[in-house]
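Work through the exercises below with the model open. Each task is followed by a stepwise solution.

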Amino acid sequence: MAPIASLLVTEPGIGITGDSDAAARRNVAMTAAVAALGGLLFGYDTGIIASALLYLRSDFDLNDFMQGVVTAAVPIGAVFGAALAGTLADKYGRRKMVFASAFVFFIGSVVSAVAPDTTILVISRVALGVAIGLASATCPVYISEVAPPDRRGSMVSLFQLAVTVGILVAYLVGLSLSSGGDWRLMLGIGALPALLLGIGILRMPQSPRWLVMIGDDFGARSVLSKIRPRDDKALEQELEDIHASLQEDKVSWRELFKPVARAALFVGAGLAILQQVTGINTVIYYAPTIVEMAGIGTGSSAILAAVGVGIVNVIVTIIAVRVINHVGRRPLLIGGVFFMALSLTVLGIAFALPEDSGVVAPLAVGSLMAYVAAFAISLGPIFWLLNAELYPLRVRGRAAGIGTMANWMANFIVSLTFLSLIAAVGASGTFWIYAGVGVLTILFVLRFVPETRGQSLEQIEQHWQEKVGS
Ligand code: BGC
């Protein structure tokens, strides 16, 4: 353990080398890529359940409610992980928290793969959830604190891209193991990226902002010299800005209730909830089940439809990462959510038609794909981006933790209730409810969400101050 402990405190990070401008760009990209592995695990561990569920429900004889519990164990664990993340990441550093999450990811993956019964399975998936909560609250903030302002948008969105790749890999693994129905291997494979994340993060630098927070200016300067172009004046200026934003005295929870933080949190946590209650994970977690319900196919052909969903999700997220800085957050959100609501309405109609009408299958699959594409260009990446850039610097860690918690809490409620909701109001009614929430989301964005494109974090903070006073 001793060598690991020393790697965790090594500055500026043994994996980043060179002192040219090109090396600095590469070092930032590498740090963001390693931290984004947290997103990959987030995606894999939440996505794999869609395939594994098809097989483990018969092995463990799970009814609808218990299937919901197995699925929702991850989101509920993530609520706890995110609740812990803000304070712990301020105390022990972002990098240690990412390492801790990789460690728990590894253990959780192995234990869920060998689980002898439903209880152990649910417990290990709650542990995986804790790891995901830690990672999803810490990784985007860690990336945003390492990235230079002009590349922050795309670097943070890399996290969402990794989430979608993780989901796609989960579907592909599910598909290739479907003939044997080997759900244990499906769950166990998550241990591999966890190992990569754990080893990778040990070689990356601490967040320079966190180093300033704990009074280690020497360490912060040394990290910045590796991840910024060679310009001593700019480097000193950045250090000075970080100092100014921290104002030296200790940050307390009470600050979250000051007008600026409160206003920002209302928008961040509101979007966190809306990102989930518009139903994305009913599709991500239950895509094969939805396809089966529409009478299109069973087993591996149902998983194949899920692979299509995963591919669309990745491709459109790549487009989002490229256009986010040019088009602006608000137009993307409003347009994207409009098409989400529209495709959910059509999906509901597909389920209302008689199965032998011949149009159910293309209508259901087409609207599923359109829905995922609309999410991937709007609420998917933009929530995580805003959750890392909306809050005042002094409370960003904690506020991002709360936004993340709200997101997982809503995720938990939606995934727990989805199958029961279908039993109560039918598939059509269920998707129409999510469509209605989409309309509310558009109104929320129009009224409350500020445009942050092209603005520095200080300007965003200024916007809140002008709007609500300090
Ligand atoms: C959401 C996840 C979702 C994923 C799908 C993320 O932004 O937070 O809940 O599974 O997108 O791509």
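## The ligand and its cavity

The ligand takes up the space of the largest cavity. To sit in a cavity, a molecule needs more than half of its atoms within 2 Å of the cavity's grid points. The model is predicted: local features need pLDDT of at least 70, side-chain atom pairs count only at pLDDT 80 or more, and totals for chains, interfaces and linings use all residues. Residues are numbered from 1 along each chain as its sequence is written, and side-chain values use heavy atoms, with hydrogens and water left out.

**Exercise 1.** Describe the largest cavity and its lining.

*Solution.*
- Step 1, the term. A cavity is a set of points, on a 1 Å grid over the protein atoms alone, where a 1.4 Å probe fits but cannot get out; lining residues have an atom within 4 Å of a point.
- Step 2, the volume. The largest cavity holds about 180 Å³ of space.
- Step 3, the lining. It has 18 residues, and Phe42, Val163, Ile167, Asn281 and Phe375 are the closest to the centre.
- Step 4, the helices. At least two lining residues each come from α2 (21–59), α6 (152–176), α12 (259–277), α13 (280–293) and α18 (396–448). Helices are DSSP runs (H or I, at least four residues), numbered from the N terminus.
- Step 5, the classes. Nine lining residues are nonpolar, nine are polar and none is charged. Ala, Val, Leu, Ile, Met, Phe, Trp, Tyr, Cys and Pro count as nonpolar, Asp, Glu, Lys and Arg as charged, and the others, Gly among them, as polar.

**Exercise 2.** Find the residues and polar atoms around the ligand.

*Solution.*
- Step 1, the shell. The ligand is surrounded by 14 residues (a heavy atom within 4 Å). Gln160, Gln275, Gln276, Asn281 and Trp384 are the closest.
- Step 2, the distances. A side-chain N or O atom of Asn281 lies 2.6 Å from a ligand oxygen. For Trp384 the distance is 2.9 Å. For a polar side-chain atom of Gln276 it is 3.0 Å.
- Step 3, the cover. Alone, the ligand exposes 310 Å², and the protein buries 100% of that.
- Step 4, the elements. α6, α12, α17 (379–389) and α18 give two or more residues each to the shell. The largest share, four residues, is from α6.
- Step 5, the classes. The shell has five nonpolar, nine polar and no charged residues.

**Exercise 3.** Which residues line the second largest cavity?

*Solution.*
- Step 1, the volume. This cavity holds about 60 Å³.
- Step 2, the lining. Ala85, Gly86, Ala89, Arg94, Ala137, Thr138, Val141 and Gly397 line it.
- Step 3, the helices. α3 (64–92) and α5 (118–146) each supply at least two of these residues.

Technical notes:
On a 1 Å grid over the protein atoms alone, a cavity is a set of points where a 1.4 Å probe fits but cannot get out, and a pocket is an open set with protein on both sides within 12 Å along at least five of seven lines; lining residues have an atom within 4 Å of a point. Grid points are joined across faces, edges and corners, and a volume is the space filled by probe spheres set on the points. A polar contact is a pair of N or O atoms within 3.5 Å; within protein, one must be able to donate a hydrogen and the other to accept it, and residues adjacent in sequence count only if both atoms are side-chain atoms. Accessible areas come from the Shrake-Rupley method with a 1.4 Å probe; for residues, only the protein chains shown count as cover.
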